[in-house]
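The following note is offered to a colleague who is new to this structure. Its points are numbered so that each can be checked in turn.

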Amino acid sequence: MATEKPFREVELSQQKPQDDGVLFPVVLSPNSSTDSTAAELSSFEDAIRAHKPWLESLLLKSGAILFRGFPVKSPSDFKSVIEAFGYPELPYFGVAPRTKVVERVYTANESPLDKEIPFHHEMAYLPFYPTKLFFFCEEEPEAGGETPIVLSHIVYEKMKERHPDFVAKLEEHGLTYIKIAADEDDPSVYSGGGSWKSAFKTNDKDIAKERAAKQGAKLEWMGNTAKIIVNPLPAIRFDKESCRKTWFNSLAVSYVGPATEKIGNRNTSVELGNGEQVDDDVVKDLLKIMEEECVAMPWKIGDILLVNNLTVLHSRWPLIKPPRRILASLCK
């Protein structure tokens, strides 16, 4: 006799159906007939191990899974759930200030919570990046502070339809990312406020230069400030598992835009790999598409969101009413 799955799929008003009828994201809660054992964290971990192939198939079809109603109460519990999946950790290399909470678990972003972080694939500005992201809600926001997600292939398809010439240039030349990094972290910058010391895990300029080169970047020094220039990277990625092209880049979060408008981050900039500037109107349309197509579900305490970083972009909406504490972990 087949054993009943300890998970049940739940439908929420914010989910969006895909062309094949699969909901984005999938939402899983404890099966009503197994609620008596769901109170134990070890039972949740065992269920993950026992049904990992099925969970991975859901992640492939949908792009993201929200686990809601399971007994995950602390950062250590969150770490145990991640380890139940068996994915190796990918250390974070980047320009956002983050603090280690417990082993392989970090704060998601320490920039001011009243600021929005535009959509991006994690570490898409580097030649290596995580394939999966885990988020955990330790403190539930009273209002705002969602982590919206959007399917990357939909963004690509709509951008190609509306801006075919620009997308053709993206596919041919990729993007060059430029970051101005001070020697100390600046949490007041909503994105990209990390120092070069944090980014390269050293206080030595020569070592930083060597580590930057290994990441496909070069450093130009302006006193104690570093200008980090990443070699042109592909901006469109073909996902072999889904056989779709995806909008795999950090254009929205790196774009500066006109000086009179608050688009992007003044510490970062981006240009086409051939040196051409990015058209302002194209990026404005990109931001509009992402907002129209995204899903944003209010966080509930104990939520775990598993995201396929290869096919789904994520962002952060401003916090309206505290508190909010979201932790994160990156996996290879």
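1. Proline 25 is placed in the loop between β3 (23–24) and β4. In this predicted model, the peptide bond that joins phenylalanine 24 to proline 25 is cis, with omega of about -10°. A cis bond also joins proline 322 and proline 323, where omega is about 5°. Proline 323 belongs to the loop between β20 (319–321) and β21 (325–331). As background, most peptide bonds are trans, and most residues other than glycine have a negative phi.

2. Backbone angles deserve attention at two further positions. Methionine 123, although not a glycine, has a positive phi of about 60°. This residue lies in the loop between β8 and β9. Methionine 123 counts as buried because its relative accessibility is 0%, the cut-off for burial being under 20%. Lysine 201 is likewise not a glycine and has a positive phi, of about 55°. The loop that holds lysine 201 runs between α7 (196–200) and α8 (205–214).

3. The strand β4 that follows proline 25 in the chain is part of an open sheet of eight strands. The order of this sheet is β1-β4-β5-β18-β9-β21-β7-β6, and its pairing is mixed. At the edges stand β1 and β6 (100–102); each has a single partner strand, so one side of each is left without a neighbour in the sheet. On average, and with direction ignored, neighbouring strands of this sheet are turned by 30° against each other.

4. Within the eight-stranded sheet, strand β4 (residues 26–30) and strand β5 (residues 64–67) pair in the parallel sense over three bridges. Valine 27 has leucine 66 in β5 as its bridge partner. Helix α3 (residues 52–62) packs on the sheet and touches β1, β4, β5, β9 and β18 (304–308). The direction of helix α3 makes about 125° with that of β5.

5. An open sheet of three strands is also present, with the order β8-β19-β11 and antiparallel pairing. Its edges are β8 (117–120) and β11 (149–151), each with a single partner strand, so one side of each is left without a neighbour in the sheet. Here neighbouring strands are turned by 15° against each other on average, direction ignored. Between β11 and strand β19 (residues 312–316) the antiparallel pairing runs over three bridges, and valine 150 stands opposite leucine 313 in β19.

6. The aromatic side chains form the next topic. A pair of aromatic rings is described by the distance of the centres and the angle of the planes. The count comes to 15 aromatic pairs. In one of them, the ring centres of phenylalanine 7 and phenylalanine 44 are 6.4 Å apart with the planes at 70°, so this pair is edge-to-face, the limit for that class being over 60 degrees. Phenylalanine 7 lies in strand β1 (residues 7–10) and phenylalanine 44 in helix α2 (residues 41–50), so the pair ties together parts that are 37 residues apart in sequence. Phenylalanine 7 is buried, at a relative accessible area of 5%, and phenylalanine 44 is buried at 3% relative accessibility.

7. Phenylalanine 85 and phenylalanine 134 make a tilted pair, because their ring centres are 5.4 Å apart and their planes stand at 55°. This pair links distant parts of the chain, 49 residues apart: phenylalanine 85 is in helix α4 (residues 75–85) and phenylalanine 134 in strand β9 (residues 132–139). Both phenylalanine 85 and phenylalanine 134 are buried. One aromatic cluster is formed by Phe7, Phe44, Trp54, Phe67, Phe70, Phe85, Tyr87 and Phe134.

8. Which residue lies over the face of tryptophan 54? It is lysine 5, at 4.9 Å from the ring centre. Elsewhere, the charged end of lysine 205 sits over the ring of tryptophan 221, 5.0 Å from its centre.

9. The final point concerns the nonpolar cores. The largest nonpolar core has 65 residues, of which Met159, Phe166, Trp247 and Leu251 touch the most other members. Helix α10 (residues 280–293) gives the most to this core, with five residues. Apart from the largest core lies another, of 27 residues, including Phe7, Leu58, Val81 and Ile82. Phe7 is thus a member of that core as well as of the aromatic cluster.

Conventions
Residues are numbered from 1 along each chain as its sequence is written. This is a predicted model: local features need pLDDT of at least 70, side-chain atom pairs count only at pLDDT 80 or more; totals for chains, interfaces and linings use all residues. Side-chain values use heavy atoms; hydrogens and water are left out. Rings of Phe, Tyr and Trp (its six-membered ring) pair if their centres lie within 6.5 Å; planes under 30 degrees apart count as stacked, over 60 as edge-to-face and the rest as tilted. Helices (H or I, at least four residues) and strands (E, at least two) are DSSP runs, numbered from the N terminus. Buried means under 20% relative accessible area, exposed over 50%, partly exposed in between (1.4 Å probe, protein chains only). A charge sits over a ring if NZ of Lys or CZ of Arg is within 6 Å of the ring centre and within 35 degrees of the ring normal. Two strands pair if DSSP finds at least two bridges between them. Axes are lines fitted to C-alpha atoms, for helices over the stretch in contact, and angles run from 0 to 180 degrees between N-to-C directions. Contact means heavy atoms within 4.5 Å. A nonpolar core is a set of buried Ala, Val, Leu, Ile, Met, Phe, Trp, Tyr and Cys residues joined through side-chain atoms within 4.5 Å.
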